[in-house]
Amino acid sequence: MVSAIQPAIDLNAFLPGAQFADAFSITTDTTTLTAREAAERMLGRSPWWVEVLMKLRDAVVAPFGLKTATSARHDRIEKVGFFPLLSEKPQQLVAGFNDSHLDFRVVIDVASTGGGQCVTATTIVLMHNWLGRTYLSIIKPFHRMVVRAMLKQVHTA
């Protein structure tokens, strides 16, 4: 089961001045999962309804000159899912991007628990302007549903 939790990391270490953060976690039975494997399970594929939401999002934001999921997939940089990889350690992976309206990070942490592992996805956002604030307020409810659904894939993969 996916649980909403308080972010347990230093947000400023990943995105100084961030104004928004949330975190969700799931416990798995495995004991050998790395942060990259968890991120690939989470971000490597999307449920059909998430794909539909992303296409709708792309159609709405493209006229504003914002990065789209489609354009991000074609960037020639290392990615996890369609997010650029920013840093990686065995137990922690950071992906995200900077855009004109906001900067975004997703931090995937993997920690051992009694007999399994806890995988946490922390989202951190730094908004730059009214467009970033408006965008975040509109997508926040969808963001929570998407992160929960994507994190479940860590357990079921």
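How many bridges pair β6 and β7, and in which sense? Select both strands and you will find twelve bridges between them, running in the antiparallel sense. Keep in mind throughout that this is a predicted model.

**The whole chain**

Start with everything shown as a cartoon. The protein chain has five helices and seven strands, and read along the sequence their order is β-α-β-α-α-α-β-β-β-β-β-α. Now colour by accessibility: of the 157 residues, 46% count as buried. Switch to a surface, and the chain exposes about 8300 Å², with carbon and sulfur atoms supplying 59% of that area. If you draw contacts between residues at least 6 apart in sequence, 62% of them join residues at least 24 apart.

**Strand β7 and its partners**

Next, select residues 116-127, which make up strand β7. How many of its twelve residues are buried? The count is twelve of twelve. In a regular strand, side chains alternate between the two faces of the sheet. Show the side chains of β7 and look at each face in turn. On one side you will see Gly116, Cys118, Thr120, Thr122, Ile124 and Leu126, all buried. The other side carries Gln117, Val119, Ala121, Thr123, Val125 and Met127, and these are buried as well.

Bring β6, residues 102-113, back into view beside β7. The two strands form a hairpin with two residues between them. Click on Gly115 in that turn: its phi is positive, at about 85 degrees. For a landmark along the β6–β7 pairing, pick Asp103, which stands opposite Leu126 in β7.

Now add strand β2, residues 20-28. β2 also pairs with β7 in the antiparallel sense, here over nine bridges. A handy place to check the register is Ile26, whose bridge partner in β7 is Val119.

**Val119 and the nonpolar core**

Stay on Val119 and show its surroundings. Which residues does Val119 touch, leaving aside its neighbours within four places in sequence? The contacts are Phe24, Ser25, Ile26, Thr28, Leu33, Ala38, Ile108, Asp109, Val110, Leu151 and Val154.

From here you can widen the view to the largest nonpolar core, which has 32 residues. Select Met42, Leu93, Ile108, Val119 and Leu151, the members that touch the most others in this core. Then colour by element of secondary structure: β2, α2, β4, β5 (92-98), β6, β7 and α5 (130-156) each supply at least two of the core residues. Which element gives the most? That is α5, with seven residues. There is also a second, separate core of six residues, with Leu15, Val94, Ile124 and Leu126 among them. As a general point, nonpolar side chains in soluble globular proteins tend to be buried together.

**A cluster of rings**

The structure holds three aromatic pairs. Select Phe83 and Phe104 to see one of them: the ring centres are 5.1 Å apart and the planes meet at 45 degrees, so the pair is tilted. This pair links distant parts of the chain, with Phe83 in strand β4 and Phe104 in strand β6, 21 residues apart. Are these two residues buried or exposed? Both Phe83 and Phe104 are buried, and the relative accessible area of Phe104 is 12%.

Add Phe97 to the selection. Phe97 and Phe104 form another tilted pair, at 5.6 Å centre to centre and 40 degrees between the planes. Ring pairs thus link Phe83, Phe97 and Phe104 into a cluster.

**Last stop: Arg36**

Finish with the charged side chains. A search of the whole structure finds two salt bridges. Select Arg36 and Glu40, where the closest N and O atoms are 3.4 Å apart. Both residues lie in helix α2 (residues 35-43), four residues apart, which is about one turn of the helix. Glu40 is partly exposed, with a relative accessible area of 40%.

Now keep Arg36 and select Glu88. Their side chains meet in a salt bridge, at 2.8 Å from N to O. This pair joins distant parts of the chain: Arg36 is in helix α2 and Glu88 in strand β4 (residues 83-89), 52 residues apart. Glu88 counts as partly exposed, at 39% relative accessibility. Display Arg36, Glu40 and Glu88 together for a final view, since salt bridges that share partners join them into one network.

Key. Residues numbered from 1 in each chain as written. Predicted model: local features only at pLDDT ≥ 70, side-chain atom pairs only at ≥ 80, totals over all residues. Heavy atoms only, no water. Salt bridge = Lys/Arg side-chain N within 4 Å of Asp/Glu carboxyl O. Buried < 20%, exposed > 50% of the residue type's maximum accessible area, 1.4 Å probe, protein only. Contact = heavy atoms within 4.5 Å. Areas by Shrake-Rupley, 256 points an atom, 1.4 Å probe, with all protein chains shown as cover. Phe/Tyr/Trp six-rings, centres within 6.5 Å; stacked < 30°, edge-to-face > 60°. Pairing = 2+ DSSP bridges. Core = buried A, V, L, I, M, F, W, Y, C linked by side-chain atoms within 4.5 Å.
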